[in-house]
Amino acid sequence: MEHYSPYLEFAGLAFDLPTMLMSVLTAILVFIVVMISTRNMTTGVPKGWQNFFEWVIDFVRGIAGQFMDAKTSTKFVSLALTLFLYIFISNQLGVMANFNVLHTEPNPSIGITQEVFDKNAHEVEHDGHTVKGVSVAWFKSPTASPSVTFGLALMVLLYAHYLGIKKDAGGYVKHWFQPHPLMFILHVMEEFIIKPLTLPLRLFGNIFAGEVLIAFMLAGTVAVVSLPLVVWLGYSLFVGTIQAYIFTTLALVYISQKVVDDH
């Protein structure tokens, strides 16, 4: 089944509405998780959500501690925690709520104009009747969109360069030509081609491919796809967790390369 993703244009830019909606929803869910976990904190033995949240903080602190000393890594625990929670919840949304909405009439306010309807509408069976409509995947992982993953990666990489310049501007310039001036070319390729491509594409590719396969199986016969779908949903939850870990780890690695003298 073909899906249409409505968008609005402003100043020559196209804004994908489902991606924007789910990005905001993810931010709200992260806020709710943090609020619930910290609203009744105690200095005694932690229980419930506080226990879980402290475990997540220790987990993220452990990642940062692999690449920086304790004093330096503490400065980036909040950033790493935010990245991990946002990406983790983003990755799971498309697995937990991967369903579509059928619009049987044009609705220009959400980007489904008459022209879009005529071009993308298809016939489907609904309550024993054949109806014509546009199928929209409103509920999907924000990280299944390259605009989100590239935005996250760009934020991390620019921040890393900012920290490097702030720490030692002279040393930052000097490192581009170390250990030999000819290494400048390789450093440029690494910083402006390899890192900006590999960091977001790894996350996007894994999440997008997983959701495409889920959508494919959901369109199949229940008796045939039930078991493979359950298995794949479990695997997708695992992949979403691993990808959140990898992105957070690489973000801390790139930051540590700018703020730790050993690199």
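**Exercise 1. Find what covers the buried residues of α1.**

Solution. Start with the cover itself. The buried residues of α1 are covered by elements that include β1 (7–10), β2 (13–16), α2 (48–65), α4 (77–96), β5 (129–136) and α6 (146–167). This is a predicted model. Next, list the residues underneath. In α1, the buried residues are Leu 17, Pro 18, Thr 19, Met 22, Ser 23, Thr 26, Val 30, Val 33 and Ser 37.

**Exercise 2. Check the span of helix α1 against its number of residues.**

Solution. Take the range first. Helix α1 covers residues 17–38, which is 22 residues. The expected span is 1.5 Å times one less than the number of residues. That rule gives 32 Å for α1. Now compare: the end C-alpha atoms of α1 are 32 Å apart, so the two values agree.

**Exercise 3. Do the span check for helix α9, then locate its kink.**

Solution. Helix α9 has 38 residues, 222–259. At 1.5 Å a residue, α9 should span 56 Å. Its end C-alpha atoms are 53 Å apart, which agrees. Then look along the helix. A kink of about 30 degrees is centred on Pro 228.

**Exercise 4. Describe the setting of Thr 248: is it buried or exposed?**

Solution. Place the residue first. Thr 248 sits in helix α9. Now take its accessibility. The relative accessible area of Thr 248 is 0%. Buried means under 20%. Thr 248 is therefore buried. Next, find its neighbours. Leaving out residues up to four places away in sequence, Thr 248 touches Ala 80, Leu 83 and Phe 84. Last, check the polar side chain. A polar atom of the Thr 248 side chain lies 2.8 Å from the backbone oxygen of Ala 244.

**Exercise 5. Classify Gly 205 and Met 155 by accessibility, and relate each to a residue elsewhere in the sequence.**

Solution. Partly exposed lies between under 20% (buried) and over 50% (exposed). Begin with Gly 205, in helix α8 (residues 183–218). Its relative accessibility is 30%, so Gly 205 counts as partly exposed. Gly 205 and Thr 149 are 56 residues apart in sequence. In space, their C-alpha atoms are 9.9 Å apart.

Turn to Met 155, in helix α6. Its relative accessible area is 41%, so Met 155 is partly exposed too. Met 155 and Ile 57 are 98 residues apart in sequence. Their C-alpha atoms are 22 Å apart in space.

**Exercise 6. Set the annotated transmembrane regions beside the helices.**

Solution. Read the record first. The unreviewed UniProt entry annotates "transmembrane region" at residues 20–38, 76–99, 148–165, 203–226 and 232–255. Now test two of these ranges. Residues 20–38 are 100% helix and 0% strand, with end C-alpha atoms 27 Å apart. Residues 203–226 are 88% helix and 0% strand, and their end C-alpha atoms are 27 Å apart.

**Exercise 7. Summarise the whole chain.**

Solution. Count the elements: the chain has 9 helices and 5 strands. From the N terminus, their order is β-β-α-α-α-α-β-α-β-β-α-α-α-α. Then take the dimensions. Along the principal axes, the C-alpha atoms fill a box of roughly 70 × 55 × 35 Å. Next comes burial: 38% of the 263 residues count as buried. The chain exposes about 15,300 Å², with 68% supplied by carbon and sulfur atoms. Finish with contacts. Among those between residues at least 6 apart in sequence, 71% join residues at least 24 apart.

Key. Residues numbered from 1 in each chain as written. Predicted model: local features only at pLDDT ≥ 70, side-chain atom pairs only at ≥ 80, totals over all residues. Heavy atoms only, no water. UniProt positions renumbered as here; feature names shortened; annotations may be inferred. Helix = DSSP H or I, 4+ residues; strand = E, 2+ residues; numbered from the N terminus. Bend = angle between axes of the 7 residues up to and from the residue. Buried < 20%, exposed > 50% of the residue type's maximum accessible area, 1.4 Å probe, protein only. Contact = heavy atoms within 4.5 Å. Areas by Shrake-Rupley, 256 points an atom, 1.4 Å probe, with all protein chains shown as cover. Polar contact = N/O pair within 3.5 Å; in protein donor to acceptor, adjacent residues only side chain to side chain.
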